[in-house]
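User: I am new to this structure. Please take a close look at its aromatic rings and the residues around them.

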Amino acid sequence: MLRAVSCCVAVVSMFFATAAMAGETPETVLLRKTIDNDKFAKRRGDAQQMMESYAQEITAYDANGTIDPRGWTVVYEHRKSFAQALASDLETKHFDFERAMPFIQVLSPQHEKAIATTIDSGVVIDKATGESQPLLEERLWFFDKIEEEWLVSGYVQNLGHSTTVGITRESEVVPELT
């Protein structure tokens, strides 16, 4: 009887696990692996391993709390400057966080472009002082599939829910977009 109950529980558990992952494809699994590699390396403070998740051409933006791209600023345009800043950041800070990935989508018909969103939450600890600051960061990630491997080609950090970029004063002339 105990064996029958155990088998029934195992079958039901497998059914729910399969249903939860029903939207997964081989491509989304590989994308999640890339994001997880970035997360685990960041938590360990390993900048070199983190860089393995990134393409040779990378652009990073700071959204400044808005979803409107007009309010975004370029933070990094080159892999070298990004790698240097990352190494410096990981040298002075320890990141203790969890990452949720609420959205992931392969975009192009040939499956060579994708996007995902993540939410990181936890703390950032200053290695010199031991002081911790809360971490809550939303990111929009861009991916390219290069030689059968998904790599991060860019991201937008500090997304918010605001659609305002700034206030236009009456005297300002707002140029038309063409």
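Analyst: What follows goes through the ring pairs, then the charged side chains over rings, and then one residue of a strand. The model is a predicted one.

A pair of aromatic rings is described by the distance of the centres and the angle of the planes. The count here comes to five aromatic pairs. One of them is formed by Tyr61 and Trp72, with 6.1 Å from centre to centre and 50° between the planes, and this pair is tilted. Tyr61 belongs to strand S1, while Trp72 is in the loop between S1 and strand S2 (73-76); the two are eleven residues apart, and their pair links distant parts of the chain. Tyr61 counts as partly exposed because its relative accessibility is 27%, which falls between the limits of 20% and 50%.

Another pair joins Tyr76 and Phe82. Their ring centres are 5.4 Å apart and their planes meet at 65°, so this pair is edge-to-face; the angle for that has to be over 60 degrees. Tyr76 has a relative accessible area of 21% and is therefore partly exposed. Phe82, at 4% relative accessibility, counts as buried. Both rings are members of one aromatic cluster, formed by Tyr54, Tyr76, Phe82, Trp141 and Tyr155.

Tyr155, a member of that cluster, also has a charged side chain over its ring: Arg139 lies over the face of Tyr155, 3.8 Å from the ring centre. A second case is Lys42, which lies over the face of Phe95 at 4.5 Å from the ring centre.

Lys42 is placed in helix H2, which covers residues 26-44. Lys42 is buried but has no salt bridge. The nearest side chain of opposite charge is that of Glu137, 4.7 Å away, whereas a salt bridge needs a distance within 4 Å. Leaving out residues up to four places away in sequence, Lys42 touches Met50, Leu90, Phe95, Phe97 and Arg139. The list thus includes Phe95, whose ring face Lys42 lies over, and Arg139, the residue over the face of Tyr155.

Strand S1, where Tyr61 is found, spans residues 54-62 and also holds Ala55. Ala55 has 3% relative accessibility and so counts as buried. Not counting neighbours within four places in sequence, Ala55 is in contact with Arg79, Ile146, Leu151, Val152 and Ser153. From Ala55 to Gly154 there are 99 residues in sequence, and in space the C-alpha atoms of the two are 8.5 Å apart.

Methods. Residues are numbered from 1 along each chain as its sequence is written. This is a predicted model: local features need pLDDT of at least 70, side-chain atom pairs count only at pLDDT 80 or more; totals for chains, interfaces and linings use all residues. Side-chain values use heavy atoms; hydrogens and water are left out. Helices (H or I, at least four residues) and strands (E, at least two) are DSSP runs, numbered from the N terminus. Buried means under 20% relative accessible area, exposed over 50%, partly exposed in between (1.4 Å probe, protein chains only). Contact means heavy atoms within 4.5 Å. Rings of Phe, Tyr and Trp (its six-membered ring) pair if their centres lie within 6.5 Å; planes under 30 degrees apart count as stacked, over 60 as edge-to-face and the rest as tilted. A charge sits over a ring if NZ of Lys or CZ of Arg is within 6 Å of the ring centre and within 35 degrees of the ring normal. Lys and Arg count as positive and Asp and Glu as negative; His and the chain ends are not counted.
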